[in-house]
Amino acid sequence: MLLRVAPDAFEVPPVPAPRWTPARIFVCLLAAMFALWLVFLFWPICEPLGDDAAEAAFQTVRSLEERAAGGEPFEKKSDGRWYLCKSRFVRAFTF
């Protein structure tokens, strides 16, 4: 004797689409604000080293070109001046 089962007995019921509840919207906005805050905190800020005397003070042992190639935060812009580029986070804990 075979057992007969209705063909729709094994169908999976449809899953309702997720709703945008106020709690979900709040969490998404909070995550977006946190991401923007991190971008603001770690975006580099470049300040000029100053006049030639200040640049000479930074070139005591090695030239600025060598230091920049070695990974230090110096950058020569198109105007020919040297800049010290650090993020706001790093500037808060160093000079």
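In this tour a residue is called buried when its relative accessible area is under 20%, exposed when it is over 50%, and partly exposed in between, with a 1.4 Å probe and protein chains only. The model is predicted, so local features need pLDDT of at least 70 and side-chain atom pairs count only at pLDDT 80 or more, while totals for chains, interfaces and linings use all residues. Residues are numbered from 1 along each chain as its sequence is written, and side-chain values use heavy atoms, with hydrogens and water left out.

**Colour by confidence**

Begin by colouring the chain by pLDDT, the predictor's confidence in each residue on a scale from 0 to 100. The protein chain averages 85, and 91% of the residues score at least 70. Among the elements of the chain, helix 1 has the highest mean pLDDT, 96, and helix 2 (residues 52-58) the lowest, 82. Helices here are DSSP runs of H or I with at least four residues, strands are runs of E with at least two, and both are numbered from the N terminus. Where pLDDT is low, the predicted coordinates should not be read in detail.

**Select Glu-11 and Phe-93**

Next select Glu-11, which is found in the segment before helix 1 and counts as exposed at 58% relative accessibility. Draw a line from its C-alpha atom to that of Phe-93, and the separation is 61 Å for two residues that are 82 residues apart along the chain.

**Select the nonpolar patch**

Now show Phe-34, Trp-37, Leu-38, Phe-40, Phe-42, Phe-89, Val-90 and Phe-93, which together make a nonpolar surface patch of about 820 Å². Patches are made of residues with over 30% relative accessible area and no salt bridge, with like charges joined within 9 Å and nonpolar side chains (Val, Leu, Ile, Met, Phe, Trp, Tyr) within 5 Å. The areas come from the Shrake-Rupley method with a 1.4 Å probe, and for residues only the protein chains shown count as cover. Helix 1 (22-42) and helix 4 (88-93) each supply at least two residues of this patch, and helix 1 gives the most, with 5 residues. One of the patch residues to click on is Leu-38, which is found in helix 1 and is partly exposed, with a relative accessible area of 30%.

**Select the salt bridges**

A search of the whole structure finds 4 salt bridges, each being a side-chain nitrogen of Lys or Arg within 4 Å of a carboxyl oxygen of Asp or Glu. Which parts of the chain does the pair Arg-91 and Glu-47 tie together? The two side chains meet at 3.8 Å, N to O; Arg-91 lies in helix 4 and Glu-47 in strand 1 (residues 44-48), so the pair links parts that are 44 residues apart in sequence. Glu-47 itself is partly exposed, at 41% relative accessibility.

Move on to Arg-67 and Glu-72, whose closest N and O atoms are 3.0 Å apart. Arg-67 is buried, with a relative accessible area of 19%, whereas Glu-72 counts as partly exposed at 28%. Then select Lys-77 and Glu-75, another salt bridge, with the closest N and O atoms 4.0 Å apart. Salt bridges that share partners join Arg-62, Arg-67 and Glu-72 into one network.

**Select the core around Trp-82**

Show Leu-49, Leu-64, Phe-74, Trp-82 and Leu-84, the 5 residues of the largest nonpolar core. Such a core is a set of buried Ala, Val, Leu, Ile, Met, Phe, Trp, Tyr and Cys residues joined through side-chain atoms within 4.5 Å. Contact, as used from here on, means heavy atoms within 4.5 Å. Leaving aside neighbours within four places in sequence, the contacts of Trp-82 include Leu-49, Leu-64, Ala-68 and Phe-74.

**Walk along strand 3**

Finish on strand 3 (residues 82-87), where Ser-87 is found. Tyr-83 in this strand is buried, with a relative accessible area of 13%, and, residues up to four places away in sequence not counted, touches Cys-46, Glu-47 and Pro-73, among others. Cys-85, also in strand 3, counts as buried at 13% relative accessibility and, under the same exclusion of residues up to four places away, touches Ile-45, Cys-46, Pro-73 and Glu-75. Ser-87 is buried at 10%, and its contacts, again not counting residues up to four places away, are Leu-41, Phe-42, Trp-43 and Pro-44.
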